[in-house]
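User: I am new to reading protein models. Can you take me through a few features, one at a time?

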Amino acid sequence: MDRDLSRSALFAAIVVATACRPTTSAAPDAPPPAPSPSLPATPDAAPPPTPPAPPPPRAIGPYERPFDGKRDVYYVVPRKPGPARLVANLHGVCNPPGYACGYWVNAAADVGFLVCPTGNARCGRDGPPTWTQPAAAMDADLEKAIAVVDAEYPGEISREGSILTGFSLGAYAAAQIARAHPGRWPYLILTEADVPLDAAQLRAAGVRAVALVAGEIGNQLAGERRTVDKLTKQGFPARLWVMKGAGHHYSADIDAIMSEAMAFVVSAGDAPDAGDR
């Protein structure tokens with residue numbers, strides 16, 4: 001009997017202990033991640049505006065305007081509006097601007113404004129224009145012609161780094177005009193004219209480079225070649241272009257020759273070697 005009670009008491013104690021044991025509960029599930037804040041929907045980005053098309057190149061001419069009474073100035077304008085270098089030309093005896101300038105208008109328009117005044121006289125009653133006045137008067141006429149074109153295109157003609165060119169008599173006058181105005185004409189291109197040139201005189205005139213152009217079968221080539229050799233030995237940038245098959249006139253490739261000659265004189269600050277071409 002006592003043994004049965006003991007067993008019953010032991011069983012009851014086990015039951016009570018089991019009931020009183022602390023229970024371990026499973027960790028609660030982690031809360032779900034907070035939803036990311038939603039960004040407001042953005043509309044598709046608008047395409048950038050199309051830039052305006054560049055203006056078409058303007059017509060280069062040639063054009064003519066009256067200056068000094070009955071005479072005209074023949075001129076060409078650069079393709080792109082805006083400030084551009086001045087290129088001037090003086091024609092020769094019985095040799096109109098339409099010839100002296102007209103055969104290299106494309107080369108001129110790539111560089112700047114080409115201004116070519118008509119001479120003060122004519123060869124015969126109805127002949128082509130010529131010059132009968134001294135270089136000082138030709139100089140004054142050139143400035144009048146430049147002023148006329150400048151008025152047509154205000155603010156566009158730049159005298160910085162101007163190029164003065166001349167054909168035959170006009171080339172002789174161009175050299176004198178450059179010496180008369182130190183620094184005004186830093187670049188010279190002289191065609192078909194054996195002009196006496198010296199490095200010291202050119203430097204005193206503010207001339208920085210010279211290009212000479214002569215016909216292959218004309219009578220100016222030998223003298224121009226000697227001048228280039230002399231200037232080169234004096235350390236002055238100078239170069240000779242020979243017009244193939246030409247006498248005292250332009251060759252068919254004068255536009256290309258003038259383009260090269262202008263590029264040479266403008267870039268001659270680095271004093272490249274001179275030589276024939």
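User: Which residue does a disulfide join to Cys94?

Analyst: Remember first that this is a predicted model. In general, a disulfide is a covalent bond between the sulfur atoms of two cysteines. Here, a disulfide joins Cys94 to Cys123, with an S to S distance of 1.6 Å.

User: How many disulfides are there in the whole structure?

Analyst: A search of the whole structure finds 2. The other joins Cys101 to Cys116, at 2.0 Å from S to S.

User: Where in the chain do Cys94 and Cys123 sit?

Analyst: They sit in distant parts of the chain, 29 residues apart. Cys94 lies in the loop between β3 (84-90) and α2 (97-100). Cys123 lies in the loop between β5 (121-122) and β6 (129-130).

User: And where are Cys101 and Cys116?

Analyst: This pair also links distant parts of the chain, 15 residues apart. Cys101 is in the loop between α2 and α3 (105-109), and Cys116 is in strand β4 (residues 112-117).

User: What pattern do the disulfides follow?

Analyst: Count the bonded cysteines along the chain. The pattern is then 1-4, 2-3.

User: Why is the disulfide of Cys94 and Cys123 called left-handed or right-handed?

Analyst: Look at the torsion about the S-S bond. For Cys94 and Cys123 it is about -90 degrees, so that disulfide is left-handed. The link of Cys101 and Cys116 has -110 degrees about its S-S bond and is left-handed too.

User: Is there a way to read burial? Is Cys101 buried or exposed?

Analyst: Use relative accessibility. Buried means under 20%. Cys101 has 0%, so Cys101 counts as buried. Cys116 is buried as well, because its relative accessible area is 1%.

User: What about Cys94 and Cys123: buried, exposed or partly exposed?

Analyst: Cys94 has 36% relative accessibility, so Cys94 counts as partly exposed. Cys123, at 22%, is partly exposed too.

User: Now the aromatic rings. How many aromatic pairs does a search of the whole structure find?

Analyst: The search finds 9. One of them is Tyr103 with Tyr250. Read two values for each pair: the distance between ring centres and the angle between planes. For Tyr103 and Tyr250 these are 6.4 Å and 55 degrees, and the pair is tilted.

User: Where are Tyr103 and Tyr250 in the chain?

Analyst: They are 147 residues apart, in distant parts of the chain. Tyr103 is in the loop between α2 and α3. Tyr250 is in the loop between β10 (238-243) and α8 (254-266). Tyr250 counts as buried, because its relative accessibility is 8%.

User: Why is the pair of Phe113 and Tyr153 tilted?

Analyst: Planes at 30 to 60 degrees count as tilted. The planes of Phe113 and Tyr153 are at 55 degrees, so the pair is tilted, with ring centres 5.5 Å apart. Phe113 is in strand β4, and Tyr153 is in the loop between α4 and β7 (157-167), 40 residues away along the chain. Both residues are buried. Phe113 and Tyr153 also form one aromatic cluster with Tyr63 and Tyr75.

User: Last, helix packing. At what angle do the axes of α4 and α5 cross?

Analyst: The axes of α4 (residues 135-152) and α5 (residues 169-180) cross at roughly 80 degrees and come within 9 Å. That angle makes α4 roughly perpendicular to α5.

User: Which residues make the contact?

Analyst: From α4 come Ala135, Met138 and Asp139. From α5 come Ala173, Gln176 and Ile177. Sorted by character, the contact has 4 nonpolar residues, 1 polar and 1 charged.

Definitions and conventions:
Residues numbered from 1 in each chain as written. Predicted model: local features only at pLDDT ≥ 70, side-chain atom pairs only at ≥ 80, totals over all residues. Heavy atoms only, no water. Axes fitted to C-alpha atoms, helices over the stretch in contact; angles between N-to-C directions. Helix = DSSP H or I, 4+ residues; strand = E, 2+ residues; numbered from the N terminus. Parallel < 35°, antiparallel > 145°, perpendicular 65-115°, else oblique. Contact = heavy atoms within 4.5 Å. Nonpolar A, V, L, I, M, F, W, Y, C, P; charged D, E, K, R; others polar. Disulfide = S-S within 2.5 Å. Buried < 20%, exposed > 50% of the residue type's maximum accessible area, 1.4 Å probe, protein only. Phe/Tyr/Trp six-rings, centres within 6.5 Å; stacked < 30°, edge-to-face > 60°.
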